Amino acid sequence: MKLVIAIINYDDAGAVTRALTKKGFSSTKLATTGGFLMAGNVTILVGVDAEKVQTVIEIIKGESHSRKQMIPTTTEMSYGYYPSMPVEVVVGGATIFVVDVERFERV
């Protein structure tokens, strides 16, 4: 048994969970916040047999899209913060972890 942990952009969460459900996979969705942009993410947990891990990853890849976003930046001066030019960053996509499950029980 494996646990697939996928951190995805909030905008892709609905499509990912619908696609997983359509293919017969149950998932748990947790609201999370990223550290860099402090933006809303979703962490999806999927418990699957080892031979189905790649299928789950392909579903997540197919529904998680990267996009460009402008973010404001600030410069700290001795008297406070001053705005500077916005910076374009790539957000979205997915960060996926696969971990072994030592024990699984339904109670």
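Is Val-42 buried or exposed? Val-42 is buried, with a relative accessible area of 4%, and the legends below take this predicted model one close-up at a time.

**View 1. The whole chain sets the scene for the close-ups.**
Welcome to the predicted model. Two helices and eight strands make up the secondary structure of the protein, and from the N terminus on they follow the order β-α-β-β-α-β-β-β-β-β. The protein has 107 residues, and 26% of them count as buried. Its accessible surface is about 7,600 Å², with 55% of that belonging to carbon and sulfur atoms. If you like contact maps, take the contacts between residues at least 6 apart in sequence: 66% of these join residues at least 24 apart.

**View 2. Val-42 sits in strand E3.**
Here we return to the residue from the opening question. With neighbours up to four places away in sequence set aside by the contact list, Val-42 is in contact with Ala-6, Ile-7, Ile-8, Tyr-10, Ala-13, Lys-29, Leu-30 and Thr-32. One of these partners, Leu-30, is 12 residues away along the chain, and its C-alpha atom is separated from that of Val-42 by 5.6 Å. Val-42 counts as buried because its relative accessible area is 4%, under the 20% limit.

**View 3. The largest nonpolar core holds 17 residues.**
Start with Ile-8, Leu-20, Val-46 and Val-56, the members that touch the most others in this core. At least two core residues come from each of strand E1 (2-9), helix H1 (10-22), strand E3 (40-48) and helix H2 (53-63). H2 gives the largest share, five residues. In soluble globular proteins, nonpolar side chains tend to be buried together.

**View 4. Val-46 has contacts at several places along the chain.**
Leaving out neighbours within four places in sequence, the partners of Val-46 are Lys-2, Leu-3, Val-4, Leu-20, Phe-25, Ser-26, Ser-27 and Val-56. Leu-20 and Val-56, like Val-46 itself, are among the core residues that touch the most other members.

**View 5. Helices H1 and H2 meet in a right-handed crossing.**
The two helix axes come within 9 Å and cross at roughly 145 degrees. From H1, Asp-12, Ala-15, Val-16, Ala-19 and Leu-20 take part, and they meet Val-56, Ile-59, Ile-60 and Glu-63 of H2. By residue class, this contact has seven nonpolar, no polar and two charged residues.

**View 6. Asp-12 is a buried residue of helix H1.**
How much of Asp-12 is accessible? The relative accessible area of Asp-12 is 5%, so this residue falls under the 20% limit for buried. Not counting residues up to four places away in sequence, Asp-12 touches Glu-63, Ser-64, His-65, Arg-67 and Gly-93.

**View 7. Met-70 belongs to strand E4 (residues 66-71).**
Beyond the residues up to four places away in sequence, Met-70 touches Pro-86, Val-87 and Glu-88. For a distance to check yourself, try Met-70 and Val-91: they are 21 residues apart along the chain, and their C-alpha atoms are separated by 9.8 Å.

**View 8. Glu-102 lies in the segment after strand E8 (94-100).**
Glu-102 is exposed, with a relative accessible area of 85%. Glu-102 and Met-1 are 101 residues apart in sequence, with 7.7 Å between them in space, C-alpha to C-alpha.

Terms used. Residues are numbered from 1 along each chain as its sequence is written. This is a predicted model: local features need pLDDT of at least 70, side-chain atom pairs count only at pLDDT 80 or more; totals for chains, interfaces and linings use all residues. Side-chain values use heavy atoms; hydrogens and water are left out. Helices (H or I, at least four residues) and strands (E, at least two) are DSSP runs, numbered from the N terminus. Buried means under 20% relative accessible area, exposed over 50%, partly exposed in between (1.4 Å probe, protein chains only). Contact means heavy atoms within 4.5 Å. Accessible areas come from the Shrake-Rupley method with a 1.4 Å probe; for residues, only the protein chains shown count as cover. A nonpolar core is a set of buried Ala, Val, Leu, Ile, Met, Phe, Trp, Tyr and Cys residues joined through side-chain atoms within 4.5 Å. Axes are lines fitted to C-alpha atoms, for helices over the stretch in contact, and angles run from 0 to 180 degrees between N-to-C directions. A crossing is left-handed if the near helix is turned anticlockwise from the far one by less than a right angle, and right-handed if clockwise. Ala, Val, Leu, Ile, Met, Phe, Trp, Tyr, Cys and Pro count as nonpolar, Asp, Glu, Lys and Arg as charged, and the others, Gly among them, as polar.
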